[in-house]
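User: I'd like a close look at one part of this model rather than a full tour. Here it is, with the sequence alongside.

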Amino acid sequence: MLQTNQNNLLTETGPGTPMGKLMRQYWVPITLTERLEAGGAPVPITILGEDLVAYRSPNGELGLMGAVCPHRGASMALARNEDCGLRCLYHAWLIDRTGKILETPPEPPEVSIGNHVKHVAYPTHETAGVMWAYMGDSAKMPEFPHWVFANLPAANVYATHALQECNYLQALEGDLDAQHAPYLHYTKAEAEVQLRAKKKENEYVFDRRPKTAAKRFPWGVQTVFRYVHKDEQAATFWIHPFIMPFFTMFESNLNDTDGGLLHAWVPCDDKSHYVWSILFSQAPFTDEYRQFIDQTRGYGQVDKQNNYRPLAWTGSGFKQDRAAMARGDSFSGIDGILQQDLAVQHSMGPIVDRSKEHLTSGDVAIVNLRRYLLDAVAASQSDVGHATIPPETYESLVFEAFTDAVETPMSAMLARSRVAG
């Protein structure tokens with residue numbers, strides 16, 4: 001368990017907080033680019049406790065800047081979207097994508113406010129249908145990471161996000177919890193999907209006592225989950241790394257595709273975050289596959305008009321079918337794997353009190369995650385700094401601890417979960 005001060009250290013991510021400063025040293029997913037129409041209205045969004053607006057200029061460039069005008073605080077979500085930047089409606093101040101104030105029309109020409117006032121703005125990068133941003137010290141900005149999906153065709157990538165109204169850490173920890181999957185995620189339909197699949201790497205619902213191993217690396221924590229198959233003649237060793245500061249990645253070959261899945265839990269503030277799922281494959285995704293993913297995983301089942309909140313959320317809780325639970329059709333009574341995760345994580349409250357937990361041997365990956373993050377924060381506050389991931393590591397990463405359980409169909413970054421007899 002964590003002491004209260006440690007829990008606060010890991011869960012507080014706003015400006016000036018130790019964890020917030022650490023997360024700002026990495027490129028962060030901000031929003032889906034489908035939300036940003038060229039020349040359209042800026043989209044208000046809160047990331048790491050900062051109120052921002054994201055937009056795409058009429059000439060196609062992405063921008064991310066502070067949500068209120070530096071003059072008198074009017075909302076930049078109302079601003080005119082022009083080629084050079086956003087122009088505030090109140091007094092027509094024009095601010096470019098770097099935060100430079102280009103024009104202040106009410107002032108005399110000789111008054112150069114832009115020489116001593118600069119607006120909050122962050123560098124952006126577009127890949128996989130996602131706007132990413134670097135929100136840290138510009139002098140220390142790293143190269144954009146060489147994610148394995150970055151150069152795939154758009155048809156081979158399916159990116160989604162959903163707003164989750166609780167702290168990021170309880171959701172990230174859920175992804176490193178091997179023991180919940182055969183219970184929370186068990187449905188008869190999911191069991192049939194796993195039994196029908198030719199590739200058995202995703203078979204996990206039949207092992208009620210899965211095992212977990214974990215080992216620390218400079219880039220994060222390598223974890224391996226072992227799930228014994230229904231026939232008890234083979235097992236899946238699920239390679240599932242945590243990558244700083246809030247990513248996980250693993251193979252996803254649902255419906256016998258050959259690809260992977262990147263998850264991210266990006267704090268909006270201390271009591272909400274965006275859950276990211278970026279699916280990618282060597283082959284283009286069909287409409288049928290996307291529909292299957294949305295039905296079984298629930299990644300795309302969000303209210304796009306309501307800040308991408310899950311459709312299963314009714315305002316008072318997630319929809320739960322008690323009759324299906326009684327029939328044995330569903331352990332949780334909740335449709336969709338993402339919705340099942342969100343429901344239990346939300347039920348823990350905005351920020352769970354980890355000082356009251358009673359951890360078991362099955363929580364080894366969660367313990368390693370917490371220790372790693374605490375050490376990373378401590379190191380980032382010292383003179384020695386902390387171990388970040390060199391860009392080249394994304395392509396050459398080799399999981400040394402578990403070489404017997406690893407294959408690499410797309411690159412060394414995407415370690416295939418291996419079925420072992």
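The spot I have in mind is Glu173. Leaving out residues up to four places away in sequence, which residues does Glu173 touch? Then work outwards from there, please.

Analyst: Glu173 touches Arg354, Ile366, Leu369 and Arg370, once residues up to four places away in sequence are set aside (contact means heavy atoms within 4.5 Å). Before going on: this is a predicted model, where local features need pLDDT of at least 70 and side-chain atom pairs count only at pLDDT 80 or more, while totals for chains, interfaces and linings use all residues. Residues are numbered from 1 along each chain as its sequence is written, and side-chain values use heavy atoms, with hydrogens and water left out.

Glu173 sits in helix 3, residues 168–175 (helices, H or I with at least four residues, and strands, E with at least two, are DSSP runs numbered from the N terminus). Glu173 counts as buried because its relative accessible area is 5% (buried is under 20%, exposed over 50%, partly exposed in between, with a 1.4 Å probe and protein chains only). Two of the arginines it touches also pair with it through polar atoms. The Glu173 and Arg370 side chains make a polar contact at 2.7 Å, and the Arg354 side chain makes one with the side chain of Glu173 at 3.2 Å (a polar contact is a pair of N or O atoms within 3.5 Å; within protein, one must be able to donate a hydrogen and the other to accept it, and residues adjacent in sequence count only if both atoms are side-chain atoms).

Glu173 also turns up beside empty space. The second largest pocket has a volume of about 310 Å³. It is lined by 16 residues, and the closest to its centre are Gln170, Glu173, Gly174, Asp177 and Met348. Helix 3, helix 8 and helix 9 are the elements that give two or more residues to that lining. (On a 1 Å grid over the protein atoms alone, a pocket is an open set of points with protein on both sides within 12 Å along at least five of seven lines, a cavity is a set where a 1.4 Å probe fits but cannot get out, and lining residues have an atom within 4 Å of a point; points are joined across faces, edges and corners, and a volume is the space filled by probe spheres set on them.)

Helix 3 has a stake in enclosed space too. There are two cavities of 30 Å³ or more in the whole structure, and the largest has a volume of about 410 Å³. Of its 29 lining residues, Asp175, Phe250, His263, Ile337 and Asp341 are the closest to the centre. Two or more lining residues come from each of helix 3, strand 13 (220–228), strand 17 (259–269), strand 18 (272–281) and helix 8 (337–347). Helix 8 gives the largest share, five residues.

Back to Arg370, this time from another direction. Leu10, in helix 1 (residues 4–11), also touches Arg370, and its other contacts beyond four places in sequence are Leu2, Met19, Tyr168, Leu169, Leu373 and Leu374. Leu10 is buried because its relative accessible area is 0%. Not everything nearby in sequence stays with it: Glu34 is 24 residues along from Leu10, yet their C-alpha atoms are 31 Å apart.

Helix 9 deserves a stop of its own. Asn368 lies there, and it counts as buried because its relative accessible area is 16%. Beyond its neighbours within four places in sequence, Asn368 is in contact with Ala214, Arg216 and Val221. Asn368 and Ala214 are 154 residues apart along the chain, but their C-alpha atoms are separated by 7.1 Å.

Aromatic packing involves helix 9 as well. The whole structure holds 20 aromatic pairs (rings of Phe, Tyr and Trp, its six-membered ring, pair if their centres lie within 6.5 Å; planes under 30 degrees apart are stacked, over 60 edge-to-face, the rest tilted). One of them joins Phe242 and Tyr372 edge-to-face, at 6.2 Å centre to centre with 80 degrees between the planes. That pair spans 130 residues, from Phe242 in strand 15 (residues 242–243) to Tyr372 in helix 9 (residues 364–380), and both residues are buried.

Just past strand 15 there's a backbone detail to check: the peptide bond from Met244 to Pro245 is cis, with omega near 0 degrees. Pro245 lies in the loop between strand 15 and strand 16 (247–251).
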